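Here are some short exercises to work through with the model open beside you. Try each one before reading its solution.

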Amino acid sequence: MRDIGFAQALDLARKNISTLGHETVPTSELVGRVCAEDAIALIDYPSTDSSLKDGYAVVSREVAHADEENPVVLKVTGILGAGDPCHLAVTPGHTVRVLSGASIPGGADAVLAEEFAREEIEEIKAFACAERGRNILVKGSEISEGELLVSAGEVLTPAKISLAVAGGIEGVSVFRRPTVGLLATGDEVMLPGRRPEKGKLFASNLVLQDAWVRSRSMTTIVRQAGDSFPSLTSAVEFMLSQCDILITSGGAWKGDRDLIVKVLDQLGWDMLFHRVRMGPGKAVAMGLLGGKPVFCLPGGPPSNEAAFLLIAFPAVLRMAGHNGSPYLLSTGVLDKDVGGQSDWTQIIHCKAEKRDRTTSLTPLDSKKRLRSMAKADGLVLVPEGVESIPAGTSVEFISLADERVKSKGSSSNADGMKL
């Protein structure tokens, strides 16, 4: 199978990933979930005309000419607080004391703020006007019954959840989140928790993947398998019985002990691609086994991270209903030249630093792999056919560190391709 371009790999991954159906969850569990069906308001908010301030419910025409020299005297016939049943009415020459949030009594069409009235015994002197509608929040002015509150496909933020609750919604239909299988392969790999051994490596790739997946409140199952057909076969079969999507790390190239793709071939998977023209991360494969997506990622940390962040993780999120880029994008200015290649997409770790009104991007030393990954605030993608980008050039970068920064209206990476 020929190597394919980065854009083609993304397109194949998108076309072969589907969501996992819907479930209705309570509002306390909605944050970060993707709405699967339009959320429609069940009630008006507020449910009655209500007061925006502490004051007095009045008939506006009765206080139309009130001022300090010519106050209007009104008899107070009661008081209403927020949530009190509204059993009072305002008649000519009278008023009802209302607190913020209280229902507006019948007959009243305005609320005179308390600072414009002087209290007397069982009456007030109004010394300012309150035109019709003043300080009244009209029934249904915030939310009307039957109104669309959250559209299908939107990510539910705390504010959107609050809006849904205000509209009387107790649960929202959302896309089910996948259980993600993370499998480390290799005799030299150890899962965290074991004592260090010479010649062995802790599975830092899996820890990185696990952290990203869990940052989106999804469940993971983590395993390790040695470099043998029986061990890998058993692990793959177990993981796919428990998970919706499987991501393996290591053994994805063509060496003597690179067995994972061969194991999947024997199990009869439908391989969509193997090796992508991207660096680092070239040795990445994707296929379907039993209808479930499987990604095979290289074992080298930078290659593993690039293949995970740019191909596998977007697929995981797509299963959970996310359609756009999983990352926020921003623009910065390179403070050093960066090199690319004519025949692949080059991925460069960068440190981002705010300087005056611009963001300066410093490419990191690729020889110090884990340290560069840990220090990186973002990734710059140099597309195929571009062999260098000079210092001083403004480029778009994928933000890995600060989710508050987002380029307006953008959902593509530096290569112009949606992730």
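**Exercise 1.** Find which residues of helix α2 (residues 158-166) are buried.

*Solution.* Remember first that this is a predicted model. Take as buried any residue under 20% relative accessible area. Going along α2 with that cut-off, you should pick out I161, A164 and A166. Next, look at what lies over them: the cover of these buried residues includes strand β12 (148-150). Finally, step just past the end of α2, where G168 takes a positive phi of about 85°.

**Exercise 2.** Work out why the chain counts as more spread out than a compact globule.

*Solution.* Start with the inventory: the chain has seven helices and 29 strands. Then compare two values: the globule rule gives 22 Å for 419 residues, while the radius of gyration is 31 Å, well over that, so the chain is more spread out than a compact globule. To put dimensions on this, the C-alpha trace spans about 95 × 50 × 40 Å along its principal axes.

**Exercise 3.** Describe the burial, contacts and surface of the chain as a whole.

*Solution.* Begin inside: 47% of the 419 residues are buried. Turn to contacts with a separation of 6 or more, where residues 24 or more positions apart account for 70%. Now move to the surface: about 20,300 Å² is exposed, with carbon and sulfur atoms supplying 49% of it.

**Exercise 4.** How many positive and negative side chains does the chain have, and how far apart are the centres of the two sets?

*Solution.* Counting gives 45 positive and 52 negative side chains. Locating the centre of each set then places the two centres 10 Å apart.

Key
Residues are numbered from 1 along each chain as its sequence is written. This is a predicted model: local features need pLDDT of at least 70, side-chain atom pairs count only at pLDDT 80 or more; totals for chains, interfaces and linings use all residues. Side-chain values use heavy atoms; hydrogens and water are left out. Helices (H or I, at least four residues) and strands (E, at least two) are DSSP runs, numbered from the N terminus. The radius of gyration is taken over C-alpha atoms; the globule rule is 2.2 Å times the number of residues to the power 0.38. Buried means under 20% relative accessible area, exposed over 50%, partly exposed in between (1.4 Å probe, protein chains only). Contact means heavy atoms within 4.5 Å. Accessible areas come from the Shrake-Rupley method with a 1.4 Å probe; for residues, only the protein chains shown count as cover. Lys and Arg count as positive and Asp and Glu as negative; His and the chain ends are not counted. The place of a charge is taken as NZ of Lys, CZ of Arg, CG of Asp or CD of Glu.
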